Structures are given as C-alpha cells and as structure tokens.
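Welcome! Here is a short guided tour for anyone meeting this structure for the first time. Please keep the sequence and the 3D view at hand as you read.

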Amino acid sequence: MSQQPSPPEELGTGERDALRQRIQELELRNAGYQQELENLCTAHRHLTEFVNRSDLMALSFDLEWRLLAFTPAAGRLLRLGPGDQGLPLGDLLSRPVGGRLLAGLDHRAPAAVETIVGPVEDRWYSRQVRRFGSTETDQPAAMLIFSDVSALQRRQGDLLADNETLMSRSDRRAMLLGLQHQIAIAANESETLVELLGLALDRVGRALKWPLGHVYQLDYDTPLLRSSRVWYTDGNRRDPAIEEYRRITAESLITLDEGLIGRVRETGQPLWMDDIRAEKNFSRRIPEGFPYPAVIGFPIAIGRHVVAVIEFYNDAPFRPGQRLLETMDNIGLVLGRAYERDRTRRQLRESRQFIENIADTAPFMVYVYDLIERRNVYVNSQITQMLGYSPGFFAMQGSRLIESVVHPDDQTRVSFSGQELRRMLEGERVDTEFRVRHADGGWRWLRRRAVAFMRTEEGRLRSILAAVQDVTDWKMAEDALRESEMRFRAIFEQSPLAITLATTDGRFVRVNAAAERMFGYPHEELLGLTFLDLTYPDDREAGVGKYRQLAQGEIPSFSVEKRYRRKDGRIIWGNVFVTLIRDQHGEPRFTLGMVKDITERKQAEEELRHLQKEILELSVREQRRLGQELHDGLGQQLTGLGLIARTLARKLQARGLPEADTMEELVEGLAQSLSQVRGMSKGLLPVEIDAAEFVKALRDALGIIEKRAGIRCKLHTDGAVRLEDNGIATNLFKICQESLINAVKHARPRNIEIEISHEQEELIVRISDDGTGMPEAKDLILGGGLNIMRYRANEIGAQLEIRPAKPTGTVITLRLKGRHFDGA
C-alpha cells in the first residue's frame, strides 16, 4: 500500500481532515478496481482458452465491415488465416465459402437477425448478426456467430416431407380452390375476353406447372374451331420448334371431329393423349424437336354449346385426377360465362350501332331530354330534314329551346307536367301535339311520344326519350277530311240514290231519306233490318257470296242487280253497288251500299225481250213461209221444167240433131237451179240441230260458205263438245250462222275461223274474220241480226261479246257456263 500524501500546510485543520478522508476513500475504491481488473483478466484468459478450444464460430467486424477477429472454428469454416484480419467484407464475399455464408449482409447497417444459410459442403448453418459497441469508439460494431444446424435442418426437411405427404391432398385441394377463386376474380376484373383468357392460361399453367397452353375458339363465320392469339409459355424456353408449332396452329382450322380439340368440342368432355406424334388424326403437323408431346384439352361451354377449347402441353403424360377435372370444368364454366358476356356485349354493341343507325335513318326525330340539366343530350340527324336545324343547334339552346322554337300557344303543353312525369315513371307513354318554327320561318305541326329513359339513384326520373313525327300534312289532311265528311254528309242526306251504312253482317246502322222512300220503311224500322230482309226471296242468293267476300276483306267492292220487296208489298228492281270501309287498323268495319231504282229499266228490258221474241218468232214464220214457197212453188216448177227439158233432149238425141247438146246443158242448169232452191228452202225452214251434231253442222255451214263465196274457212276444237240439249245446240248454231252471214254480207273477208275451247267451267266459241269490220250497230238493229243474236244468247244463258280484231276484222265471242267440253 502506497504512502498517503500529506495535506498542504496552508489549509486549516478541518479542511486537512476532510481532504485526508477523501483520499482514503479513493484509495479504497482504486483497490477495488484493481481487484476487478485482475478478475476480468483471469476471466478473459479462461474465456479465450474456452473459445480457442470450443467449436464456437464467431467473427467481429468494425463499423466499415472490416474483419477484426475470429475464433479458430470460424477460421476453419471460412478458410481464414492470421493475415486475413483487416480484410473488408467484399474480399471475403469473393471467396467460395464466404460468398455463401456471408451473402446478404447489409453493408450500411447490420441488423440483429438470424438467417439459415447453406448448404455449404452439405452442411447448414444458422447465422446470427449481433450489434454492439459505439460509433464514438474503435470497438467492433458487429459480431457474426455461426451454428451448425444441419441435423436440425434435416429433421425439419423430413418433417416437411412427411407433412407434405400427409397434407398433399388437402393442399392440392386448397390450391385448386384458390385457382378457381383467382380466375373468378379475373373474370370480374378483366376488361376484355382476350385479357381474361391470357390470365386464366397463366394461372393454370403456373399452378399446375404446365409449360405451354393455348385456346381454340369457335369461328363466327363457319362451324369450325380457329386458333386464337392467346398463348401461355413458362418463359424459360424460346425453342424454335415451339415457335414453328405456334405458326402452324395459327393457320389451322379444326372441324367438329378432327383431332383431340375437335373431339373435345364434339363431346363437351376433357380429353388427353400421351404423345401427339403417334396420333394420326391430330390435325396439325408436329415440328421436328417439339418438346411437349403430351396434350390435354378442356371445353369452354355456354350451356351445352362448346365455344372454345383450352389445350395444355407437357413433356410428361397427363394423369388428371377427378378433382382436377372438376376444377377445370368449373373454370370452363366461368370462362363460358365470360364468352357469353362477351357475346352479349358484342350483341349490345351491334344492337346499339343498329339502334343508332335506325335513329339516324328513321323517318322521325328522336331525342333524349335531361330533366335535371334541362337540355337535350341527344338528337338524331332527322332534325335537319324535319325542321332545318342541326343537332348542335338544339344542344346550344339548352333550356331556352322551348321559348326559341315552340309556338307561344303550345309552350305549356311541351313542358312536362308532374302528372305526365308520374305517368312515365309508371311505364306509360305521353303523347303531345304542338307547333315548332321551321328554320325557314314557317310553322310545322309535330306529334311527340315520350317515355321514361333514365332514373336517378333515388328513383326519380332523370331523362326522357321522345320520338317526334311531322304531322303537318296529317293535320292538313285532317282538316280536309273534316270538310270531306261535311260534303259526304250532304251527299248522303241529299243523294237521290238509296245509301245505307251497315255492319259486316249486313245490319243497317245508318240510312238516308232516299232509302226510306225507296223501300217504304221509316228510318227507325230500317235500322233494325238487313239487306236480306228487304230482298225478294227468289233473289236472296244473288250477291250473298260476294258480300261475304267483301265483309272478310277479300274484295273491295261488288255490284249486283236484284229485286226488293217494299213494305207495301210492291216489287222493285235495284242496281246495288257495295264497297268496304276499313278502320284505322285496316280491318273491315262497315259496308257502304248505294241502290239505284231500275224498275222502269227492267220493265223496258222485259218489254224489249218480248219484242225480240216476237221478232224472232215472226222471222221464223217468215223464213218458214219463204222456204215452203220455194220448196212447193219454184221447186215444183223447176222440177217440171227439168222433166220437159230432159224429154226434149232425148228426142233431139234420137234424131241426131245438133241442138241436142244445147238441150242437155239446159237440163243440167235446171238441175243445179233446183238444187240451189232446195238448199235455200232447207236453210229457211227451221230445223232443230241435234246436240251431238253441233260441230258437224258448223263444219257444213263453213263448207257451204267456202264453196259458194270463195272464203277460206277453218274450224278448230281441242276436244269433243257436249251440249245439254238440242235447244242449246240450235241457238248456238243460229248465233254462229248469223255471225257468218253478217261477215260474208258486210265485211268481205278472205278468212273466217271458228275456235271452240273450254276455260274455267265455260264453253268458249270464238268467230273471227279479217274483213273490213262489222257495220254500225243501228244497221244491225234495223236488220234485226244483232238483237236476235243477243236474244238467243240470253235464252241459253250465254254471254255475247263483239269487238274489233287487229289489224282488221271482227271477233265475236260466246261464253256458255257449264262443262260442255272434253279437252284433248
């Protein structure tokens, strides 16, 4: 123990005692420090000896990450020697072992973390980084401690392998469920179908470690599958064979049953094959060196209709389990809904484009009016044609539009009332008519039909859609119709014709005064009757079929003549014209009938028929008388003269006189004259024509004309004529005979032709010539020929028509109803 220093003399006694006491305390504390230092040195020696003898692997670094010290075990691990002290960390990282054990250290600031590194020479090590020291001293800043954890790592690996074996099914199921979830999310977030297909291929390929994938989809123009532009590759290979296979695939179309893809589409089931190179019907050429011979295909369907097929390729055969097939089936359903959504979007785009085209080409104006912004947000191009304004003009006017173009008297009607808005919210349509100023300054009448278009989130009506039609012409027509109705009412009431308005079943709903006078019924009684109630019983069938056709809208009108019984019992004749009136939808609604009293005309016609009959009978009697006189008078005289002449001729011949030849010629001439007289008498005598001999009689008559008048005559028929009785045959023959006589007498033709045919249950007899034409009708009437021909036609129910022929001549046509003809 050292001698204590003496206090200075100049200090006082008390101060010296206090200083002496302080010195003693410091000496005692210093002695304690000396003892602790000796203990620390001893502990340091023991620790150093322990470290040098133990397997502790530790290294210390300064703030600049330079190596300060290391334990022998650490030196052996990192291949360090005494000369490596002071080396920077970068030099140690360049060494093989140091690069593996020291990689990842932060050069700027060490972190207190533990990391498993390895394997290094089949060993695993735990590396701990511990911070200590101060940045104001030269002490080490970090220490690395390595521990060999190879046995623990192997045990953990074994546990993980066992756990993977035990949990593989659960993990795979979770992975597949996650895969479905990812693709479902992608289906909701993808903007386009191509983007979704790319994401789906990428997710499936990565999750299942399938290196190559592709999508075939249905071609819209043909019932084939066409390669899409969507592919998936694992990104590790840029094999030329793969690129060549992609090019071949892009150029291929696959039919319904061609290759694996076609069969997947046909069956709607997933299929796979181990080696596409061994498949004869694979549908695509396989390039040399293609690395993925195994293929699997999954359908993408909308309902039962396969629209696409996903294919994946692998270098090893596929052995998909049931859960994987179910997963891919679910993914196919998700993608199928995406295809359907894409198709719907495409159809919506086409529909929107179609609607816009319709709106632009429609014959009416279409606009959308925003009730909140109080302006038109859309107007089609028809506004220019209808009103002369551009669509931009309406947009610029905004809320001032009504005041600027709508007629002042109609502005209140154009603005939507609260009641009208409520009606539109309930789905009703609101129609309005108003006037708008045209760009040329004139006023046009418009008819608007408005419906609810968009609503706010609160359910209020946001905008309306309106279609506007120019009804100016309709308005003018409406005014004209009103005037027309006034004129019709005047005509209806003042007309001398009986006019009736009836329902389609024939019941009168309106009659005029002339109808009351004609039928003798008061107005109230007529309104409860029908046409049939007024018709004479024997004529009720006349026009019934035509009226039924009219009421059903099959014919627009018809005309008929028939008898009516007045209320007083008197029979009158009426010429009826009935026309159909339709409603606004074009359906038959009423019939309008106009009846003219033709009783006097019918009586005159009846008197004329009696007169014609008398004329015919007189003509027949006169012909009979002339024929009889020719036969009994002139014929007998010619017969007697012929006998005398023949006796004289024989006597002259017996005497050999030359006058005998002359007398023979006289005999021959008398014989010819007698033959002509007999022929004329036969023609004048009324002979009934046999129905079976009708065609023969016509042919004989033509033969006589051809022989006597030198006119070429021809008869043509397509089959046998079958007339009902001799009376019809006689009248037909007489009409034809009169026609032939008139032609020879008046027209001087070179050719006459009679054609007999059958058309639509009618026998047609057509007599034509190429002469100068028929004489004036008055000449025929005076001569009685035409009247007699018409009378005979009426007697047998035939129609007679006479018209000029082209270029010259006359055609007379007889039409007799009924089947009187057997076609060839």
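## A first pair of strands

Let us begin with strand 12 (residues 365-370) and strand 16 (residues 461-470), which pair in the antiparallel sense over 6 bridges. Helices (H or I, at least four residues) and strands (E, at least two) are DSSP runs, numbered from the N terminus, and two strands pair if DSSP finds at least two bridges between them. Within this pairing, V368 has L465 of strand 16 as its bridge partner.

A word on the model: it is predicted, so local features need pLDDT of at least 70 and side-chain atom pairs count only at pLDDT 80 or more, while totals for chains, interfaces and linings use all residues. Residues are numbered from 1 along each chain as its sequence is written, and side-chain values use heavy atoms, with hydrogens and water left out.

## The sheet around them

Strands 12 and 16 belong to an open sheet of 5 strands in the order 13-12-16-15-14, with antiparallel pairing. Strand 13 (375-379) and strand 14 (430-437) are the edge strands, each pairing on one side only. From one strand to the next, the twist averages 35°. Axes here are lines fitted to C-alpha atoms, for helices over the stretch in contact, and angles run from 0 to 180 degrees between N-to-C directions.

In strand 15 (residues 443-455) you will find M454. Is M454 buried, exposed or partly exposed? M454 counts as partly exposed because its relative accessibility is 45%; buried means under 20% relative accessible area, exposed over 50%, and partly exposed in between (1.4 Å probe, protein chains only). Leaving aside residues up to four places away in sequence, M454 touches R460, L461, R462 and S463, where contact means heavy atoms within 4.5 Å. The C-alpha atoms of M454 and V368 are separated by 9.7 Å, and these residues are 86 apart along the chain.

## A second sheet and a shared helix

Another open sheet of 5 strands has the order 18-17-21-20-19, again with antiparallel pairing. Its edge strands are strand 18 (508-511) and strand 19, each pairing on one side only. Neighbouring strands of this sheet are turned by 25° against each other on average, direction ignored. Strand 17 (residues 498-503) and strand 21 (residues 588-597) run antiparallel and are joined by 6 bridges, with A498 partnered by V595 in strand 21.

Now look for helix 15 (residues 472-494), which lies across strand 14, strand 15 and strand 16 and runs at about 125° to strand 15. Helix 15 also lies across strand 17, strand 18 and strand 21, running at about 85° to strand 18.

## Two faces of strand 19

Which side chains of strand 19 (residues 557-565) point to the buried face? They are F558, V560, K562 and Y564, while S557, S559, E561, R563 and R565 point to the other face and are not buried. Strand 19 runs antiparallel to strand 20 (residues 571-582), joined by 9 bridges, and S557 stands opposite T579 in strand 20. The hairpin of these strands has 5 residues between them, and there G569 takes a positive phi near 95°.

## Rings and charges

The structure holds 13 aromatic pairs. Rings of Phe, Tyr and Trp (its six-membered ring) pair if their centres lie within 6.5 Å; planes under 30 degrees apart count as stacked, over 60 as edge-to-face and the rest as tilted. W210 and F312 form a tilted pair, 5.1 Å centre to centre with 50° between the planes. This pair links distant parts of the chain, 102 residues apart. F312 is buried, with a relative accessible area of 0%, and W210 counts as buried at 7%. The rings of Y245 and Y313 have centres 5.5 Å apart and planes at 80°, so this pair is edge-to-face. W210, F298, F312 and F318 form one aromatic cluster.

Charges meet rings too. The charged end of R447 sits over the ring of W474, 4.5 Å from its centre, and K475 lies over the face of W445, at 4.6 Å from the ring centre. Such a placement requires NZ of Lys or CZ of Arg within 6 Å of the ring centre and within 35 degrees of the ring normal.
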